[in-house]
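Please examine the sequence and the three-dimensional structure shown here. The explanation that follows concerns charged side chains and their surroundings.

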Amino acid sequence: MRTLRGRLTAWYSVALALTLAAFAAVLYVDRRSASYQELDQRLRSEAALTAATLAESYRARGALVRADTAKRPVLIPDLATLLEVVPDYLVITARDGSLLFASSDARALTFQQVEQLRRVASAPLSGRTTGTLRLDPDGPNIHYVVRYVTEAGPQFGVILSGVNSRLAALGAEQLLATFALVLPLGLVVGVLTGSWISRRALGAVDQIITEVREISDGRSLHRRLVEPRVKDELGRLAETLNQMMMRLERSFVALRRFTADASHELKTPLTVLRAGVERAITTPHLPQETLVTLEETLQEIKHMTELVDALLTLARADEGLAPLHREAVDLRGMVEEARETGELLAEQAGVTMEIATPPEPLVVSVDATRIRELILNLLTNAVKYTPVGGSVRMQLGSGNGTVTLSVADTGIGIAPGDLPHIFDRFWRADSARTRTGERPGAGLGLAICKWIAEAHGGRIEVVSRPGRGTTFTVTLPSDTPAGHS
């Protein structure tokens, strides 16, 4: 089971089942032992009663044994009739081991089985007075008690009183059968109870998981978990998570402040440096080597300026200091404005550019500057990662209350393992996307595109196949209020 709640319920159910099974086993053994003790007591009482009857009759009548028609010794008839009332198996033997009396239950046995009882009665093993005997063939198990007769004259030897041991096991087996019927019901109740207990116990954990999951980025680290009054394990967990989020929030705030301050402080020297290099390039009669060096320097300054501007934009966005200045804009005009830049970049890269817009106006309340930046970033990326002879297509459309802008290329594509990170800051998918390779960049353009789309209440998605191309799709709500920022 994948959930802790399921595992707790399963463990609780298994523990309950083992406990009930152990309790049933102990109760079964105890009940069986008690039943045998009751049988022993009953058989001893029957044997004692029989011995007392023989002794009393001997004192009153004298000899109690006579010969039957076959010249075999047997009890006198009236005494035999009196002993017929004794239940179960009753066998009385003479001093020489011959059979003097057998009760009705004993007489119902086969001759071989009666002989087994007689042999036990005439020669108890090692002086044992109790035991269990299996009567063959296919006879019952007889639990018996042997008592020597000493006060009924010299002719009597032993009294054997026995009973079917099935009676002793019957009560225990009935108890076990009852447990077998009750156990499934107990397990069902146990599973439901365990599930309820685990749900109650882990409800706070689910709440903590939900609240922590909602803290999806550095901008929501100001949120805190509700700490229960009882400082148990869950209370300490919530307190520890709050302390961790407090430290993370401080770290993120310090990092944003440093990024914003550093970016702001770098803008002025970069501007001065750029102006100086541009002025130096216009100096007449410069050597060719010096001119090439200055142009390379100017290019790197431009890249550095773009990086600083991107960092400053994202830092202000994280701090909530980058409001949108919305106005009603026809997106077709913005796409047409980007066409010139896109076609120029495509021509330089040897790539064909195609732009499709609908005939009807698409007026949406947006920040024109930010949307223009988003479009140019996507076009620049598409051209940059499309080889010579490839194509880039940008299409604008609407439907279902949304406006969609898609930029598709036939470039190198993005590996599936890199797609989840494509909008992360400074993420570069592979060697083809390094800052020092043929396609340099800072890895911040797509992060800015994602922020712009989400700031307008929309989203940006990407679909890509390595070697086949990539498609970025921006979806914006077409009915965004103009006053929202």
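Which residues does D367 touch, not counting residues up to four places away in sequence? With contact taken as heavy atoms within 4.5 Å, D367 touches P323, L324, H325, R326 and H456. The model is a predicted one, in which local features need pLDDT of at least 70 and side-chain atom pairs count only at pLDDT 80 or more, while totals for chains, interfaces and linings use all residues. Residues are numbered from 1 along each chain as its sequence is written, and side-chain values use heavy atoms, with hydrogens and water left out.

D367 belongs to strand β10, which spans residues 363–367. Strands (E, at least two residues) and helices (H or I, at least four) are DSSP runs, numbered from the N terminus. One of the residues that D367 touches is H325, whose backbone nitrogen lies 2.8 Å from a polar atom of the D367 side chain.

D367 is buried yet has no salt bridge. Buried denotes under 20% relative accessible area, exposed over 50%, and partly exposed in between (1.4 Å probe, protein chains only). A salt bridge is a side-chain nitrogen of Lys or Arg within 4 Å of a carboxyl oxygen of Asp or Glu. For D367, the nearest side chain of opposite charge is that of R370, 4.7 Å away; in assigning charge, Lys and Arg count as positive and Asp and Glu as negative, whereas His and the chain ends are not counted.

Elsewhere, the salt-bridge rule yields a count of 16. Where do R339 and E336 lie with respect to each other? Both are in helix α8 (residues 331–349), and because they are three residues apart there, about one helical turn separates them. Their side chains meet in a salt bridge, with 2.9 Å from N to O. R339 is partly exposed at 23% relative accessibility, and E336 is likewise partly exposed, at 33%.

A further salt bridge joins the side chains of R332 and D330, at 3.2 Å from N to O. R332 counts as partly exposed, with 22% relative accessibility, and D330 is partly exposed with a relative accessible area of 24%.

Is each partner in the pair R72 and D68 buried or exposed? R72 is exposed, with a relative accessible area of 54%, whereas D68 is buried, at 18%. The side chains of R72 and D68 meet in a salt bridge of 3.4 Å, N to O. Finally, a network of salt bridges links R42, E46 and D88.

Note on methods. A polar contact is a pair of N or O atoms within 3.5 Å; within protein, one must be able to donate a hydrogen and the other to accept it, and residues adjacent in sequence count only if both atoms are side-chain atoms.
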